[in-house]
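Here is a short tour of one structure, with an eye on side-chain packing. Please keep the 3D view open as you read.

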Amino acid sequence: MARSARRWRNRIAYILFLVVLALATGEIFLRLTGRSGWAEPNKTIKVEPGGSFFRPHPVLGYAGQPGTLQVTLQDSLHFTVSHNDQGYRLTHPPLDSADTRPQIWIFGCSFTHGYGVEDDEAYPWLFQERFPQYQVRNLAMTGYGTYHSLLQLQSLLEKEAPPAVVMLAYGAFHDQRNVNSRYWKKALAGQEVAKDIQYPFMRYNDADSLVAYLERPDYTPWTGQRWSALVHFLEKQSNGAEEQELRSGDVTREMIGEMGVLCQEKGIEMALLGIFKNPGTEQVLKEFEGKMRVLDISVDTEDPSLRILPDDGHPNAEGHRQMAEKLANWFE
């Protein structure tokens with residue numbers, strides 16, 4: 001009996017040894033290939049006055065802070081952002097009287113808002129200069145996804161006359177935002193936009209119908225993720241599996257399609273703009289060809305000369321100039 005118990009203890013010890021050896025080997029291999037534990041992003045941002053770029057919004061979760069803001073990123077990049085009373089970035093100097101020109105509404109994220117560049121360097125402002133016969137409205141905001149654009153469009157059409165054109169600026173990275181996946185919450189960790197705000201998103205229920213949610217985008221790292229490359233690697237694999245399970249791409253396609261239906265019902269021309277070049281974005285643009293106007297205005301944000309900072313892929317002034325040029329040449 002004692003010999004049998006000792007045999008089982010030896011087997012268990014051997015199995016535990018193999019498990020520890022496998023974990024150690026995996027950790028060493030990942031370290032040698034340049035992987036590491038997770039470090040929360042440390043991007044400093046200073047906003048004056050008020051200290052914040054955002055304010056709470058009951059439907060969108062958050063919106064831009066009205067007024068003129070002086071923003072400093074990483075203690076090195078300085079730019080001015082002018083928002084109107086609704087928190088949307090200006091595309092021209094304030095007008096003295098009501099503007100009766102036909103409107104173009106541009107929806108999107110920080111790439112369209114112009115995060116990191118001056119007011120008159122953002123591509124919606126440059127597009128406005130090229131087409132003064134229209135009133136161009138930049139309705140984009142940092143961190144917004146396609147669901148934000150859909151909510152904005154629905155709300156604006158209930159209160160205002162339809163515009164001549166609706167432009168939806170899309171990148172495949174919006175997909176995880178639209179379902180508030182763990183991947184997206186991880187990207188938000190440590191960012192100002194994630195502090196004390198609610199985030200709207202949609203997910204499929206068991207009946208394969210989309211259900212709307214409004215929740216805090218809180219992120220909780222796995223135990224050991226900060227120091228273990230192996231745990232961090234496994235966490236990222238799990239996040240990718242969740243993305244597939246949530247069918248974030250399908251959710252996005254339904255949202256774009258719904259925006260297209262709304263525009264068609266109101267007699268509005270809709271355009272889908274690609275702002276981030278990757279296979280996911282290209283696939284969505286291809287799928288909507290023939291259903292609405294489609295154009296890729298993206299620039300190579302891997303090119304250091306087109307980035308606002310070496311570690312930040314938002315397009316700089318030259319990147320926005322190229323985007324505006326592509327959009328204007330196509331719109332003419």
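## A polar contact and its surroundings

The side chains of T112 and Y123 are joined by a polar contact of 2.7 Å. Keep in mind as you look that this is a predicted model. T112 belongs to helix α2, which covers residues 110–113. Is T112 buried or exposed? T112 has a relative accessible area of 0%, and because buried means under 20%, T112 counts as buried. Beyond its neighbours within four places in sequence, T112 has I106, Y123, P124, N138, A140, A169 and I275 as contacts. Y123 thus appears in this list as well as in the polar contact.

## Nonpolar cores

Turning to the nonpolar packing, the largest core contains 54 residues. Which residues have the most contacts inside it? They are F53, F107, L153 and L272. For a look at one of them, try L153: with residues up to four places away in sequence left out, L153 touches W105, F107, V166, M259, L262 and C263. There is also a second, separate core of 25 residues, with F111, F173, I297 and M323 among its members.

## Helix α8

Three of the names just met come back in helix α8: M259, L262 and C263 are among its buried residues. The others on that list are S248, G249, V251, T252, M255, I256 and G260. Helix α8 runs over residues 248–266, 19 residues in total. From first C-alpha to last, α8 reaches 28 Å, close to the 27 Å expected at 1.5 Å a residue. After α8 comes G267, with a positive phi near 70°.

## Aromatic rings

Now to the rings, where the count is 17 aromatic pairs. One of them is F127 with F131, a tilted pair with 4.9 Å between centres and 45° between planes. Both of these phenylalanines, F127 and F131, are buried. Elsewhere on the aromatic theme, one cluster is formed by F53, F54, Y62, F79, Y115, Y144, W184 and Y199. F53 from this cluster is also one of the residues with the most contacts inside the largest nonpolar core.

Two charged side chains lie over rings, and the table sets them side by side.

| Charged residue | Ring | Distance from ring centre |
|---|---|---|
| K291 | F288 | 5.3 Å |
| R293 | W330 | 4.1 Å |

In the view, K291 lies over the face of F288, while the charged end of R293 sits over the ring of W330.

Notes. Residues numbered from 1 in each chain as written. Predicted model: local features only at pLDDT ≥ 70, side-chain atom pairs only at ≥ 80, totals over all residues. Heavy atoms only, no water. Phe/Tyr/Trp six-rings, centres within 6.5 Å; stacked < 30°, edge-to-face > 60°. Buried < 20%, exposed > 50% of the residue type's maximum accessible area, 1.4 Å probe, protein only. Lys NZ or Arg CZ within 6 Å of the ring centre and 35° of its normal. Core = buried A, V, L, I, M, F, W, Y, C linked by side-chain atoms within 4.5 Å. Contact = heavy atoms within 4.5 Å. Helix = DSSP H or I, 4+ residues; strand = E, 2+ residues; numbered from the N terminus. Polar contact = N/O pair within 3.5 Å; in protein donor to acceptor, adjacent residues only side chain to side chain. Expected span 1.5 Å × (residues − 1).
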